[in-house]
Amino acid sequence: MLAIVQARMSSTRLPGKVIKEIVGKPMLQWTLERLENSKMLKKVVVATSSDARDDVVEDFCRAKNVNFHRGPLENVAQRFAEVVTLEKSDSFVRVSGDSPLIDPALIDQAVSLFRSTTVDLVTNKMPRTFPKGQSVEILNSRHFLKFCGSSTKKEDQEHVTKVFYKNPENHRIVSFTSGMDTGHIQMSVDTLEDFEMVDKLIKMSHEHPEGWKKLLSLKAKL
């Protein structure tokens with residue numbers, strides 16, 4: 001299974017966050033290391049933009065021998081489509097680079113679910129019952145390529161999968177939930193406050209973060 005990690009330097013709330021260091025390592029590196037612990041992923045590609053500000057992301061990927069692709073800055077859906085086409089992958093996992101605490105067990109759970117049935121999208125975001133930053137989406141590549149360019153709205157192009165959630169009747173979607181009401185809890189990095197929270201959680205985990213439930217219990221102590 002292919003994983004595509006979207007990452008760019010031009011975040012509006014916290015510019016440069018993807019390479020901002022957490023306990024001595026860029027945040028993007030923490031995300032990638034979490035993915036390395038997945039048993040189901042065979043390849044990971046960082047999808048960044050061709051904007052000059054993202055040269056530093058390319059430099060990071062080259063230094064760490066990480067696969068990468070550069071595409072449109074604002075049209076992230078097109079960026080993903082280019083990776084899918086180049087990799088000739090029949091399906092892929094979408095991961096955000098601002099999810100340094102993503103639980104690899106959730107990725108494996110989603111991949112197993114995807115492989116057990118015939119669907120266009122497996123998600124744990126509809127409804128959202130897992131903390132933000134623990135979101136996993138797996139898409140059928142052919143179906144994604146058919147619909148990813150169906151909207152000219154900026155929000156649909158930037159958020160990649162929003163077009164599927166807005167018109168669920170047009171897609172075969174399977175969702176899995178946490179069984180808990182934790183969808184409002186923040187574990188991704190959107191602001192400086194989020195960044196500082198993740199930094200504390202990683203330190204509390206002795207630089208080896210465990211599963212999302214363990215992280216949730218640690219977060220309760222902050």
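The questions and answers below walk through a predicted model of one protein chain.

Q: How many helices and how many strands are there in the chain?
A: The model is predicted, and the elements counted here belong to its one chain. Among the helices are α1, α2, α4, α8 and α9, while β1 and β6 are among the strands. Altogether the chain has 9 helices and 9 strands.

Q: What is the radius of gyration of the chain, and what does the globule rule give for 222 residues?
A: Along its principal axes, the C-alpha trace spans about 45 × 45 × 30 Å. For 222 residues the globule rule gives 17 Å, and the chain comes close to that value, so it is as compact as a globular protein of that length. The two values asked for are a radius of gyration of 16 Å and a rule value of 17 Å.

Q: What percentage of the residues of the chain count as buried?
A: A residue is called buried when its relative accessible area is under 20%. The surface that the chain exposes comes to about 10,400 Å², and carbon and sulfur atoms supply 47% of that area. Of the 222 residues, the share that counts as buried is 55%.

Q: Among contacts between residues at least 6 apart in sequence, what percentage join residues at least 24 apart?
A: One pair that is distant in sequence but lies 5.0 Å apart in space, C-alpha to C-alpha, is A7 and G97, with their positions 90 residues apart. For the chain as a whole, among contacts between residues at least 6 apart, the share joining residues at least 24 apart is 68%.

Q: How far apart do the centres of the positive and negative side chains lie?
A: The chain carries 33 positive side chains and 29 negative ones, and each of these two sets has its own centre. The distance between the two centres is 3 Å.

Q: Which residues have the most contacts inside the largest nonpolar core?
A: This core has 46 residues, and at least two of them come from each of β1, α1, α2, β6, α4, α8 and α9. A second, separate core of 19 residues includes F80, A81, V160 and F164. In the largest core, the residues with the most contacts are L28, L32, L35, V46, V93, V136 and I138.

Q: Which residues does V93 touch, not counting residues up to four places away in sequence?
A: V93 is among the residues with the most contacts inside the largest nonpolar core, and its position falls within the range of β6, 91-96. Leaving out residues up to four places away, its partners are M1, L2, A3, I4, L41, V111, V136, E137 and I138.

Q: Which residues of α1 are buried?
A: Helix α1 covers residues 27-36 and supplies at least two residues of the largest nonpolar core. The helix is mostly covered, since 8 of its 10 residues are buried. Those residues are M27, L28, Q29, W30, T31, L32, R34 and L35.

Q: Is A7 buried or exposed?
A: A7 lies in the loop between β1 and β2. Not counting residues up to four places away in sequence, A7 touches V18, L28, V46, A47, T48, S49 and R79. Its relative accessibility is 3%, and because the cut-off is under 20%, A7 counts as buried.

Q: Which peptide bond is cis, with omega near 0°?
A: The proline of this bond, P127, has its place in the loop between β7 and β8. T129 is found in the loop between β7 and β8 as well, and at 13% relative accessibility T129 counts as buried. The cis bond is the one from M126 to P127.

Q: What is the value near which phi of E207 lies?
A: E207 is found in the loop between α8 and α9, where it is partly exposed with a relative accessible area of 41%. Its phi is positive although the residue is not glycine, and the value is near 65°.

Q: Which residues does M204 touch, not counting residues up to four places away in sequence?
A: M204 lies in helix α8 and is partly exposed, with a relative accessible area of 30%. M204 and R94 are 28 Å apart in space, C-alpha to C-alpha. The residues that M204 touches are L218, K221 and L222.

Conventions:
Residues are numbered from 1 along each chain as its sequence is written. This is a predicted model: local features need pLDDT of at least 70, side-chain atom pairs count only at pLDDT 80 or more; totals for chains, interfaces and linings use all residues. Side-chain values use heavy atoms; hydrogens and water are left out. Helices (H or I, at least four residues) and strands (E, at least two) are DSSP runs, numbered from the N terminus. The radius of gyration is taken over C-alpha atoms; the globule rule is 2.2 Å times the number of residues to the power 0.38. Buried means under 20% relative accessible area, exposed over 50%, partly exposed in between (1.4 Å probe, protein chains only). Contact means heavy atoms within 4.5 Å. Accessible areas come from the Shrake-Rupley method with a 1.4 Å probe; for residues, only the protein chains shown count as cover. Lys and Arg count as positive and Asp and Glu as negative; His and the chain ends are not counted. The place of a charge is taken as NZ of Lys, CZ of Arg, CG of Asp or CD of Glu. A nonpolar core is a set of buried Ala, Val, Leu, Ile, Met, Phe, Trp, Tyr and Cys residues joined through side-chain atoms within 4.5 Å.
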